[in-house]
Amino acid sequence: MTHKVVVIGGGIGGLTAAALLADNQIEVTVLEASNEWGGCAGKFKRGHSLFPVGATLGMGFEKGGVHQKIFEVLHLPFEEHSLLDTVMDIHLPGRTVSYCRDRIAYINELKSHFPDLSNKIDSFYTEIWQMGAEVKKLIDPLPVLPPKTASEWSKLLQSLQPSTLRLLPYFKKTLSALLKKHRLNDEREFVHIIDAQLIDSMQTSSSDCSAILGAYALTVYHEGAFYINGGLYQIAERLAESVETGGGTLRKRSWVQQIHREKNGYMVTDQRERTSYADYVICNLPLPSFTKILSPDLQQSLSKSYAKKKSHSQWGTMTLYMTVKEELIPENFPLFHQVIDNHSGKLAEGHHIFLSISKKNDTLRAPAGFRTMTSSTHTELGNWDTKEKYDYYKEVLTEKMLQFIEMALPGLRVNLIDMMTGAPKAWERFTKRPSGMVGGYPQTLDHALFKSLSHRTGIKGIYLCGDSVFPGAGTIAVSVSGYHAYQSVLADIRKAERE
């Protein structure tokens, strides 16, 4: 019996699911609205320069990492990454902190900048790393949260260990409770460093971030952070190649407009009224986009948790894409940076920028003698909701971001060859994400762990992956969600074949 699966959205989550299904000889078709694979981890070219659209820092390629595991299962080589000893430099007014991969080196670096806090930093990170280790034990088997089936509950319970009990006191606490416990909550600059890391990874700050997930987020860079030659789009393109190798079909410029029931399955229709029949559908879309393409009767079948969360707000982003002269970049300069303001309102709502620089001699990104850079900051979409506000804020925020980049790279403007701005509407046009939303739901107590969205939509045979569902944002997380969707569809198919 042939089972047809349609994957809507060629981001890393959807392509992970599709590649794993194709590897199991399942007939799969991937429909992608744009002309690029990767979604928010895609790419675009301007002249001789290539830019990552959004995500730039590679994670999950260490031994036992999510991408390493998936690429191993698919027998895909991946040599385009290099491990970073210095993950990033963190620039605050008057000081620069090097975020070292080595934990002891990083602690010593922090204590050199905050000598009066040495004992507090030691005790705080001792607890953070203990918690992070317990979370890692739990997530390594890739359990589903919140569990919805007997098999998902069984897998979760099997991953529990006696030491997991250490996490229980923090289940309903935010990371700010840990800062307060170690008497660090009033140390403004130290908290700013923590918050910048959490906003980039958890989409919220310590005051609201789940303590358990926040602790894991503060340990993950020490597992391994990587520079990917060319950019993270390489992950997506390798997965797309694997889909084709497994006999799957890839179709770009196919922007799905509706899913409706058809006999015992579903009919998927794109903007050109091309149709694809599917026994099962996996959607790699943000929740608002997913619910919009469901026919009215399917919308009525959505789980209550989906219906409740579809109107919750998410961040937008403002990004600058730059080509600069090679001489701007000092020798041995880290490739990733955070520049943090002092919460005086000088920057944007996220209070920091993230800056990434192409590696010297990465000719996939820029010709010899030049480098490409991307700089992004979180922004509230409500600040862009009229043309007048949009035009004004785009101009003001561009200038602010340039000023903050110059804190890390004096002489930027003299060596700037070309620059493009990626405000929320540009993100919406490129990624088809409503209003340019990015990053999924903030990992607050209202959205994290058992209050996350399951990949199970409540509609039989239709699953959701990507940053709206557990585990959330980032290439590691969306890959895990794609893996969960793949497992569920494969289980459905195997069950149908037995019946």
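In the predicted model, strand S2 (residues 27-31) pairs with strand S10 in the parallel sense, and the pairing extends over 3 bridges. Within this pairing, Leu 31 has Arg 251 of S10 as its bridge partner. In general, the strands of a sheet are paired through backbone hydrogen bonds, and such pairing may be either parallel or antiparallel. Strands S2 and S10 belong to an open sheet of 5 strands, arranged in the order S10-S2-S1-S14-S20, in which the pairing is parallel. The edges of this sheet are formed by S10 (249-251) and S20 (462-465), each of which pairs on one side only. From one strand to the next, the twist averages 15°.

Helix H1 (residues 12-23) packs on this sheet, where it touches strand S1 (4-8), S2, strand S14 (280-284) and S20. The direction of H1 makes about 150° with that of S14, and since angles over 145 degrees count as roughly antiparallel, H1 is therefore roughly antiparallel to S14.

A contact between two helices was also found in the model, namely that of helix H2 (residues 66-73) with helix H15 (residues 475-498), which pack at an angle of about 45° with their axes 9 Å apart. Because of this angle, H2 is described as oblique to H15. On the side of H2, the contact involves Val 66, His 67 and Ile 70, which meet Thr 475, Ile 476, Ser 479 and Val 480 in H15. Grouped by character, the residues of the contact of H2 with H15 comprise 4 nonpolar and 3 polar residues, with no charged residue among them.

Terms used: Residues are numbered from 1 along each chain as its sequence is written. This is a predicted model: local features need pLDDT of at least 70, side-chain atom pairs count only at pLDDT 80 or more; totals for chains, interfaces and linings use all residues. Side-chain values use heavy atoms; hydrogens and water are left out. Axes are lines fitted to C-alpha atoms, for helices over the stretch in contact, and angles run from 0 to 180 degrees between N-to-C directions. Helices (H or I, at least four residues) and strands (E, at least two) are DSSP runs, numbered from the N terminus. Angles under 35 degrees count as roughly parallel, over 145 as roughly antiparallel, 65 to 115 as roughly perpendicular and the rest as oblique. Contact means heavy atoms within 4.5 Å. Ala, Val, Leu, Ile, Met, Phe, Trp, Tyr, Cys and Pro count as nonpolar, Asp, Glu, Lys and Arg as charged, and the others, Gly among them, as polar. Two strands pair if DSSP finds at least two bridges between them.
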